[in-house]
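Me: I would like to go through the ligand site of this model with you, asking at each step what justifies the terms used. Please set each value against its definition before drawing a conclusion.

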Amino acid sequence: MTGPGRRGGGLLVAGTTSDAGKSVVTAGICRWLVRQGVKVAPFKGQNMSLNSFVTRDGAEIGRAQAMQAQAARVEPSALMNPVLLKPGSDRSSQVVLMGKPVGELSARGYHGGRQEALFGPVVECLEELRSSYDAVICEGAGSPAEINLRRTDIVNMGIARAARLPVLVVGDIDRGGVFASFFGTTALLSAEDQRLVAGYLVNKFRGDVSLLEPGLDMLEGLTGRRTYGVLPYTHGLGIDEEDGLRVSLRGAVRESVVAPPLGEDVLRVAVCAVPLMSNFTDVDALAAEPGVIVRFVDRPEELADADLVVVPGTRGTVRALEWLRERGLAGELARRAAEGRPVLGICGGFQLLGEHIEDEVESRAGSVAGLGLLPVRVRFAAEKTLARPTGTALGERVEGYEIHHGVAEVLGGEAFLSGCRVGEVWGTHWHGSLESDGFRRQFLRRVASAAGRRFVPAPDTSFGALREEQLDRLGDLIEEHADTDALLRLIERGAPSDLPFIAPGAPAAPPVRATAGAPGRPGAPA
Ligand SMILES: NC(=O)CC[C@H](N)C(=O)O
């Protein structure tokens, strides 16, 4: 890898838990490597997420992999995330294979054979990437020691074994229990799997590393495996989170810039935390503006002081509609619309603002009345629209991306990004439009004026530049707090050959039970 043309380096970044920081560590490693002149790509065999992105050639992949591709300074591709599971309920998910939906499957159906069938294609995607990049940094899912799922695994040790990748296990020390987690994660793997587990990376550490070091030495004594770095707890790096289901955002304030507002007033944005929220990252660009406060809400009272209410995308348009009605938010939205106070509906949030929804695909609820705030009729199609549209709104160029089954027929209002606007109610299928800086500023000016706020958008916020800065900070974290020489050796040469076996190893599988417990969320590791 040090010389041009050297191919085949790789690493699997696994975690002791979900949310240990695998995605950001993977991105950080990609950014550090590309800065060293290494041609690097990210990969995740299977991702479970409602936050997805559309590649230039129209394939849907997890946003986390798209973000990692940006960290690696390469164009995202379906090869980087061949399987994407999009939960539609606690028990079933839409399976997206190589960027296209192939059907809805229950967790049981998925683990009962379908996932195994995907192993070959997933490994082929990884091999294809490895043949054209110096290094591929793979992200695992959940924990590699999910002993109930190991047999059919296509994202953790299954992939590491097939591609002979060294494995680095990331642990979140902020939650505590990191030593037991590292030890246990290793000790519950088979001897063959353990041979690839090269060592550990401590994430989210606060305080004095010298206090941690004796523990890391003891861990090495116990496992024969070293720790490759201790990354400090860093705020503001939660970019492009994976899973809108697991992370309850209700009541949460979107991490915003600390710069003071320019005008006399701030602008308050309330985002309805609808069920199965998709691409809630759309509002990150609002939170990046000085003086814009973005929070997720689920009660009508919380809309009262909001200058803008966003109804975001959702994998369950009809379900979200019911939820808005049950919680009294629907009435509040109608009142706002009548008063000329701004509302922005994005994708599923746009669909439900319309007059009528015909859905035999997503909810199978048939004919459903929408909130009637926009002159739009939506009919769900089996075919998914995946697109990267560009256009103009408020005199500014806008780029976006579309991921939806619903097809909107716009019957009136003023055209707005393939959707429409009536009064101060705006609706579009486009995600990501707020990342277009000029448009975002114009839109915020318009909202401020409609809301009667003396808010002034900063003239120079560049969302793209902020995103790049964040990725650079991730690269810095690796460069400054990991043993990069050792990491590079690992990526180039694979796991050391003398890693000891830690008892007891993988437990034997029990005889198959006729009525095994329900597996909970589909594809549990996420
Ligand atoms: N991304 C979305 O919000 C999707 C909207 C809706 N569930 C559809 O598929 O049409």
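Reply: Strands, in this predicted model, are DSSP runs of E with at least two residues, numbered from the N terminus. On that basis, β24 gives the most to the shell around the ligand, with four residues, and the strand itself is the run 402-410.

Me: What makes the pair formed by Glu362 and the ligand a polar contact?

Reply: A polar contact requires a pair of N or O atoms within 3.5 Å. A polar side-chain atom of Glu362 lies 2.3 Å from a nitrogen atom of the ligand, so the pair meets that cut-off. The limit is likewise met by a polar backbone atom of Thr314, at 2.7 Å from a ligand nitrogen, and by an N or O atom in the side chain of His431, at 3.1 Å from a nitrogen atom of the ligand. The protein covers 96% of the 300 Å² of accessible area that the ligand has on its own.

Me: Why is the space taken by the ligand called a cavity?

Reply: A cavity is a set of grid points, found over the protein atoms alone, where a 1.4 Å probe fits but cannot get out. The ligand takes up the largest such space, whose volume is about 160 Å³. Among the 18 residues lining this cavity, Thr314, Arg315, Glu362, Ile403 and His404 are the closest to its centre.

Me: How many of the lining residues count as charged?

Reply: Asp, Glu, Lys and Arg count as charged, and by that rule the lining has four charged residues, alongside eleven polar and three nonpolar ones.

Definitions and conventions: Residues are numbered from 1 along each chain as its sequence is written. This is a predicted model: local features need pLDDT of at least 70, side-chain atom pairs count only at pLDDT 80 or more; totals for chains, interfaces and linings use all residues. Side-chain values use heavy atoms; hydrogens and water are left out. A polar contact is a pair of N or O atoms within 3.5 Å; within protein, one must be able to donate a hydrogen and the other to accept it, and residues adjacent in sequence count only if both atoms are side-chain atoms. Accessible areas come from the Shrake-Rupley method with a 1.4 Å probe; for residues, only the protein chains shown count as cover. On a 1 Å grid over the protein atoms alone, a cavity is a set of points where a 1.4 Å probe fits but cannot get out, and a pocket is an open set with protein on both sides within 12 Å along at least five of seven lines; lining residues have an atom within 4 Å of a point. A molecule sits in a cavity or pocket if more than half of its atoms lie within 2 Å of its grid points. Grid points are joined across faces, edges and corners, and a volume is the space filled by probe spheres set on the points.
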